[in-house]
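Take a look at the assembly below. The text after it walks through the ligand, then the interface, then the confidence scores.

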Amino acid sequence: MSVLVAEKLGRTLDGEVPVTLVQDADVTIERGEFVVIRGPSGSGKSSLLYLLGLLDKPTSGRLLIDGKDTVGFDDDERADVRLRKIGFVFQFHFLLGEFSALDNVRMPMRKLGQLGESAQVERAQALLDSLGLADQAHKRPSQLSGGQRQRVAIARALANDPLLILADEPTGALDTKSSENVRLILRELASREGRSIVAVTHDPGFASAADRQVQIVDGKIVA
Amino acid sequence: MRRLVDTSPHITIRDQYRNIPKQAAEQLYPQGAIALRGVKPKTELRGIRQYRKHLSAIEALGGIRAAPILAGQAIFSFAGRNEAVSLSGIVPSKMRDVSAIDEDMVAGSLDALDVDTNGIVIGRALAKKLSLRMGENIIVVSPSGNVRPMRIVGLFETGNSNYDETQTFANLTRVQALLNRPNVANTIVVKLDDATRAREVAATIEATIGYKSVSWQEASKDLLDTLVVRNVIMYSVVGAILLVACFGIYNIISTVVLEKTRDIAILKSMGFHSADIRRIFVTEGAIMGISGSLLGLGLGLLMMRAIAAVEIRPPGYTGVVHLPVYWGFDQFLIAAGFAVGSAVIAAWLPARKGSRVQPVDILRGAT
Ligand SMILES: Nc1ncnc2c1ncn2[C@@H]1O[C@H](COP(=O)(O)OP(=O)(O)OP(=O)(O)O)[C@@H](O)[C@H]1O
Ligand SMILES: [Mg+2]
């Protein structure tokens, strides 16, 4: 079963002049697949990613996550799907500034509430370790470098063992070395752990690491 | 307030009627057009007649204690000095139930008036003024000219110097004889188990026995009205302060919510519900409310102690009086409850607004 199936997914902002962000998008993501979305600036890549990640509500079409149709879900139900099945990594790390790296990684586990406190700490530490951040666990985001922050964000995306990781220009704000590091990590997550990864990128090097590329122009998938 | 209720009689029945008795002609012809002027009223023996019957009727109402009093004027004559005093004839056993005078006795007792029917109880201030001591005899002269030697069997001191210098008590039967008013009383003093019922009980009594019955509420109407006005002012001021505090908390939480919009978006994108976000900010408001209340209670207690320590020497009073301060626990609970409650409400509004943040709106703006 596909992890994600989008059929004729569309999103139009209403207003005096309605703006179509995404139009009739058909996307299928299989388990362990690393897919890259590419396209010119303003073409609707981020908009599509928000729709796939249930951050935004489509105005048309269907979206199945792990076999379940999510159209008609209310805010809380969509939040629950995000919590259990999806991890996000954004261009800017989006960590909570007042918490340590470890607590940031723990945050989704606390909301899920399946693990006890010590088990949460253990898992968060293990995730940080696997991303080469063993010594940075107790630092605040402001005390970390850009690449380190992005790896903390990846660790947090993995907190609740998601099926799907959605990344919006995860290397957009990083130098070459850090970019390569993040790319390798995502590649491994797909190949070794069987997670599905959808990443928006402008970086041709990053795109070459993917299994498949989706091209989008003016809100429409062209390839 | 409680002091007022405790020290004064709950109901006072006097030998008066609320409405002037109608003239004979009017009684016969209520619709008649003639009014006789200058009719000379019949000379009556004033007082509550058959007071014993009335007394048992009143006591039959239940939860009620009543004492008959015949109050009049008399002159004390001692060692060539004359002193006008108020002389009240009382029944000691009944008087004790309705008045605090028994607790103010500094020598002898009210009961001695039963033992020695020639006995008299006077204020210590009066005794000092006339250089009298316990057990000494004085001559009591009534307005109608009756003269009787009486013996001092008790001294009291209430602290009210006017009262202590002019009020005296003797046996009711003795005073009736002295004042030529046998078998009457002119006042019945009533205490109730439940002082709040005084108004209706007074009305019942007045309806049954006809004499004017004044409840403490009626007697202290001016004071009670002042208290009502005071309460209205107090609650308006407290309400206004609370409102200002609410705006303060509302502002703080609004600012915090605004500052944390990005964090709210992060938490919600992760899978936190709106309710989780609301809870965070309402909790913050509640913590502010609770710590503010604790601080306020502490300050309030200090201020109350300062007020209670103020010493006042009212004119005409021998003792030192402290401002009455109510230390009841309930008022602290109510104050803190209102403060925390309004803090939570003040925090809830911005918290609700914050919880409605859609993460996608923030993400769109940021990337
Ligand atoms: N709130 C909005 N109101 C109107 N137009 C919007 C709004 N949000 C986005 N758009 C428009 O929608 C289009 C798609 O935006 P989107 O952010 O998805 O593009 P993108 O492909 O991610 O671009 P980039 O590569 O620059 O990140 C853009 O043309 C943008 O101007
Ligand atoms: Mg974008």
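A polar contact is a pair of N or O atoms within 3.5 Å; within protein, one atom must be able to donate a hydrogen and the other to accept it, and residues adjacent in sequence count only if both atoms are side-chain atoms. Ligand 1 offers examples. One of its oxygen atoms is 3.0 Å from a polar backbone atom of G44(A). Side chains take part too. A polar side-chain atom of S46(A) sits 2.7 Å from an oxygen atom of ligand 1. For S47(A), an N or O atom of the side chain is 2.6 Å from a ligand 1 oxygen.

This is a predicted model: local features need pLDDT of at least 70, side-chain atom pairs count only at pLDDT 80 or more, and totals for chains, interfaces and linings use all residues. Side-chain values use heavy atoms, without hydrogens and water; residues are numbered from 1 along each chain as its sequence is written, while chains are lettered from A and ligands numbered from 1 in the order in which they are written.

Now widen the view around the ligand. Ligand 1 lies between chains A and B. It is surrounded by 14 residues (each with a heavy atom within 4 Å of it). The closest are S41(A), G42(A), K45(A), S46(A) and S47(A).

Next comes the protein interface. Contact here means heavy atoms within 4.5 Å. By that rule, 20 residues of chain B touch 24 residues of chain A. The size of an interface is often given as the accessible area lost when the parts come together. Here the buried area (accessible area lost, 1.4 Å probe, summed over both parts) is about 2,100 Å². Carbon and sulfur atoms give 60% of that area.

Which charged pairs cross over? Three salt bridges are found between chain B and chain A (a side-chain nitrogen of Lys or Arg within 4 Å of a carboxyl oxygen of Asp or Glu). R364(B) pairs with D56(A) in a salt bridge, with the closest N and O atoms 2.7 Å apart. Nine residue pairs, both members at pLDDT 80 or more, are in polar contact between chain B and chain A. On the chain B side, α12 (261–270), α13 (274–309) and α15 (359–366) each supply at least two touching residues (helices are DSSP runs of H or I, at least four residues, numbered from the N terminus). The largest share, seven residues, comes from α12(B).

Finally, confidence. Chain B averages a pLDDT of 83 (the predictor's confidence in each residue, from 0 to 100). Among its elements, α12(B) has the highest mean, 92, and helix α2 (residues 24–28) of chain B the lowest, 59. The model scores ipTM 0.92 and pTM 0.67.

Methods. Buried area = accessible area lost by both parts, 1.4 Å probe.
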